[in-house]
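Student: I have just opened this entry. Can you walk me through it?

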Amino acid sequence: MIGSGGREHAICNKFSESKKVTKIFALPGNAGISATAECITNIKASNHQAVIDFCRTQKIDLVFVGPEQPLVDGIIDDLEKANIRAFGPSKYCAQLEGSKAFMKKVAADNNVPTAIYEVFTKAEPAIEFAKNLGFPCVIKADGLAAGKGVVIAQDLTETIATIEEFFAGKFGEASKKIIIEEFLTGAEVSHFALCDGSNFISLGFACDHKKVGEDETGPNTGGMGTFSPSPFVTLEIEKTILEKIVTPTLNAMKKLSHPFKGILFGGIILTKNGPKLLEFNTRFGDPETQVILPRIKTDFVDLIIAATDEKLAQTKIEFDEEKKLVCVVMCANGYPGDYKKDTEINLPEIKNQPEVLILHAGTAFKNEKLVANGGRVLNVVASAKSFKEARREAYEIVDLIDWKDGFVRRDIAKKVEA
Ligand code: AMP
């Protein structure tokens, strides 16, 4: 496992449920992951040769890459060249996440419904295009910007300021090219498709809460909480998403001679004119994974191997259809701005409560004590037959966690609890 967040903790837990797994190494992992995996902290994921050498020495059967950066850097290509089985998209396919201009072109060329847009490398024509679109308008850095490269500009003044800031190098190379697009409204959902290059299996939908403050106020974060499934997605909407967004994208990548393998994560907005694609990510979401995986009953190793070996057409998946899941993210005070590290956390002992789980996102052990070492620090995940019950269970555990330097949003999944 490459990665160190709550997503990777959830995936390691899922792998450890499989009888086929004898040992997991996590590179670098975190304090929570160390309960199920051996954490390797002296190899950097960016050093592909060192990762390959480690895999060979340890006779690793499968490498799972959690975050986007190593995928965009081409780690899957390098592992495959070294004959090591690795799950995830190639460097070419990871452009669906790594370059918004690439993603928009694939969508436009294949009639995938998405916002009206244009790509710019100069300020003047970009400002003209935005004026014609009207306000608010959406300004996006082309490349990876740690989830911060999207601005919804309310008026011309903000639009000009943002465009100039992006071109001045706010996100370095990532904002030398920008996308200006139409502002869409509707409920947002995240869809996860497990892909083998030709076929896919839908893993379901989740919704996230991005803003730091209750009632969706304040700045954006990496995600303050999630719930799954999404009550906004009817069977008909699901069918449209699979037929108009997922299938044509997979077909398009195959036609480009770069079949897409891995997780195709669609950020989708349900407009009154139907579902439209906002963005693709080419890996699992964090904290969406935490609420997607517990509904999967099929052995997770079998699913991942079937995808890497191009056998999804012959693979069946079973879900726990009854389960409703809620994940509450605990953050360090100050996040998403400056926050303190190394603050002490005391976790409660959870006994006989298989329906709740504390996953670690940014934690470490220091002098044998559990401490926070990131902005998003813990994820409390609860499952129940109703969102109301799952919320109650999740916040009950949150309140038992002794960490005076942390905070949560109290309204995660509140809008769907009725
Ligand atoms: P992205 O990284 O492209 O998903 O954008 C981050 C967030 O910005 C999305 O989850 C939406 O909330 C918002 N967003 C992006 N594009 C649009 C759009 N065209 N219209 C409205 N909101 C958008």
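The turns below go through a helix, a small set of strands, one serine and some aromatic rings.

Student: What kind of model is this?
Tutor: Keep its origin in mind as you read. This is a predicted model.

Student: How many residues of helix H1 are buried?
Tutor: Helix H1 spans residues 6–16. Its buried residues include Gly6, Cys12 and Phe15. The helix is mostly covered, and the buried count is 10 of its 11 residues.

Student: Which strands are the edges of the open sheet with the order E1-E2-E3?
Tutor: The sheet has three strands with parallel pairing. An edge strand pairs on one side only. That description fits E1 (2–3) and E3 (38–39).

Student: Which residue in E3 stands opposite Phe25?
Tutor: Strand E2 covers residues 25–28. E2 and E3 pair in the parallel sense over two bridges. Opposite Phe25 in E3 stands Glu38.

Student: Is Ser202 buried or exposed?
Tutor: Ser202 lies in strand E11, residues 200–213. Its relative accessibility is 16%. Buried means under 20%. Ser202 therefore counts as buried.

Student: Which side chain makes a polar contact of 2.8 Å with the side chain of Ser202?
Tutor: Leave aside the neighbours within four places in sequence. Ser202 is then in contact with His191, Phe192, Glu238, Leu242 and Phe319. A polar atom of the Ser202 side chain also lies 3.4 Å from the backbone nitrogen of Gly204. The side chain joined to Ser202 at 2.8 Å is that of His191.

Student: How many aromatic pairs does a search of the whole structure find?
Tutor: Some of the rings link up through ring pairs. One cluster holds Phe15, Phe64, Phe87, Phe192, Phe265, Phe284 and Phe300. Over the whole structure, the number of aromatic pairs is 14.

Student: How many residues apart in sequence are the parts that Phe64 and Phe284 tie together?
Tutor: Phe64 and Phe284 form a stacked pair, 6.3 Å centre to centre with 15° between the planes. Both Phe64 and Phe284 are buried. Phe64 lies in strand E4 (residues 63–64), and Phe284 in the loop between strand E14 (274–281) and helix H10 (289–292). So the pair ties together parts whose separation in sequence is 220 residues.

Student: What is the angle between the planes of Phe120 and Phe129?
Tutor: Phe120 counts as buried at 7% relative accessibility. Phe129 counts as buried at 15%. Their rings form a tilted pair, 5.5 Å centre to centre, and the angle between the planes is 50°.

Technical notes
Residues are numbered from 1 along each chain as its sequence is written. This is a predicted model: local features need pLDDT of at least 70, side-chain atom pairs count only at pLDDT 80 or more; totals for chains, interfaces and linings use all residues. Side-chain values use heavy atoms; hydrogens and water are left out. Buried means under 20% relative accessible area, exposed over 50%, partly exposed in between (1.4 Å probe, protein chains only). Helices (H or I, at least four residues) and strands (E, at least two) are DSSP runs, numbered from the N terminus. A polar contact is a pair of N or O atoms within 3.5 Å; within protein, one must be able to donate a hydrogen and the other to accept it, and residues adjacent in sequence count only if both atoms are side-chain atoms. Contact means heavy atoms within 4.5 Å. Two strands pair if DSSP finds at least two bridges between them. Rings of Phe, Tyr and Trp (its six-membered ring) pair if their centres lie within 6.5 Å; planes under 30 degrees apart count as stacked, over 60 as edge-to-face and the rest as tilted.
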